[in-house]
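Please examine the sequence and the structure shown below. The paragraphs that follow lead through them.

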Amino acid sequence: MEPRTTQDLVYVVYFSSSTHLLSSAEIDDILAVSRRNNARLGVTGMLLYWDGNVVQLLEGPRAAVDALLERIARDPRHRGLLIAARGELAQRHFPEWTMGFAEPAAGARPDGFSDFFSNPRRCAMEEAPRAYQLLLTFRRNLRAA
């Protein structure tokens with residue numbers, strides 16, 4: 001489900017805080033549902049979670065991203081949702097994931113895991129350098145565990 005024009009392809013980066021520290025089982029459940037729903041909607045992106053802090057970059061058709069963002073804003077598992085960046089894209093920057101994920105804790109790595117915290121991915125972010133910089137800033141400014 002690719003957008004009809006490049007103006008239909010957008011990205012959004014938001015920050016939020018979970019209402020409690022998520023267990024590995026909760027994270028696995030969130031990822032499974034997100035990957036299934038996002039594939040159906042044609043939305044891709046990267047979800048970063050660390051110690052109750054969340055930053056997510058979503059990209060896809062404008063209508064799908066807007067509808068997903070509304071649903072996320074109503075999700076009772078987090079609070080303080082702040083949209084940090086939004087814009088149009090000529091191409092996706094995370095096309096191979098329905099949802100990428102990075103959690104620095106040791107243990108099993110769920111399907112779609114990214115090692116972004118230890119090895120940030122360099123991707124072509126010409127249209128959205130601010131979005132990528134937000135992901136890097138989140139990584140750089142995490143509290144020490």
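Is E88 buried, partly exposed or exposed? With a relative accessible area of 44%, E88 counts as partly exposed, since buried means under 20% relative accessible area, exposed means over 50%, and partly exposed lies in between (1.4 Å probe, protein chains only). The accessible areas come from the Shrake-Rupley method with a 1.4 Å probe, and for residues only the protein chains shown count as cover.

The model is predicted, so local features need pLDDT of at least 70 and side-chain atom pairs count only at pLDDT 80 or more, whereas totals for chains, interfaces and linings use all residues. Residues are numbered from 1 along each chain as its sequence is written, and side-chain values use heavy atoms, with hydrogens and water left out.

The protein chain holds 3 helices and 5 strands. Read from the N terminus, these elements follow the order β-α-β-β-α-β-β-α. Helices (H or I, at least four residues) and strands (E, at least two) are DSSP runs, numbered from the N terminus. The protein chain has 145 residues, of which 48% count as buried.

The interior may be considered next. The largest nonpolar core has 18 residues, and Y14, V43 and L58 touch the most other members. A nonpolar core is here a set of buried Ala, Val, Leu, Ile, Met, Phe, Trp, Tyr and Cys residues joined through side-chain atoms within 4.5 Å. At least two residues of this largest core come from each of strand 1 (9-18), helix 1 (24-41), strand 2 (44-50), strand 3 (53-61) and helix 2. The greatest contribution is that of helix 2, with 5 residues. Another core, of 11 residues, lies apart from it and includes V55, A85, L89 and W97.

L89, one of the members of that other core, is placed in the loop between strand 4 and strand 5 (100-102). Its relative accessibility is 3%, which means that L89 counts as buried. The C-alpha atoms of L89 and G60 are separated by 8.8 Å, although the two residues are 29 residues apart along the chain.

Two further pairs bring together residues from separate stretches of sequence. E59 belongs to strand 3 and is buried, with a relative accessible area of 1%. Between the C-alpha atoms of E59 and R92, 33 residues apart along the chain, the separation is 6.7 Å. S17, in strand 1, is partly exposed, with a relative accessible area of 26%. The C-alpha atoms of S17 and G80 are 6.3 Å from each other, with their positions 63 residues apart along the chain.

Charged side chains form the next topic. Side chains of opposite charge can pair when their charged atoms come close. A search of the whole structure yields 3 salt bridges, each defined as a side-chain nitrogen of Lys or Arg within 4 Å of a carboxyl oxygen of Asp or Glu. One of them joins the side chains of E88 and R62 (3.1 Å, N to O). This pair links distant parts of the chain, with E88 in strand 4 and R62 in helix 2, 26 residues apart. R62 is partly exposed, at 31% relative accessibility.

A salt bridge also connects the side chains of D66 and R86 (2.1 Å, N to O). Here too, distant parts of the chain are linked: D66 is in helix 2 and R86 in strand 4, 20 residues apart. D66 counts as partly exposed at 26% relative accessibility, and R86 is partly exposed with a relative accessible area of 39%. In another salt bridge, the side chains of R77 and D75 meet (2.6 Å, N to O). R77 is partly exposed, its relative accessible area being 39%.

Finally, R36, R40, R71 and R74 form a positive surface patch. Patches are made of residues with over 30% relative accessible area and no salt bridge, in which like charges are joined within 9 Å and nonpolar side chains (Val, Leu, Ile, Met, Phe, Trp, Tyr) within 5 Å. Lys and Arg count as positive and Asp and Glu as negative, while His and the chain ends are not counted. The place of a charge is taken as NZ of Lys, CZ of Arg, CG of Asp or CD of Glu. Within this patch, R74 lies in the loop between helix 2 (62-73) and strand 4 (78-88). R74 counts as exposed because its relative accessibility is 59%.
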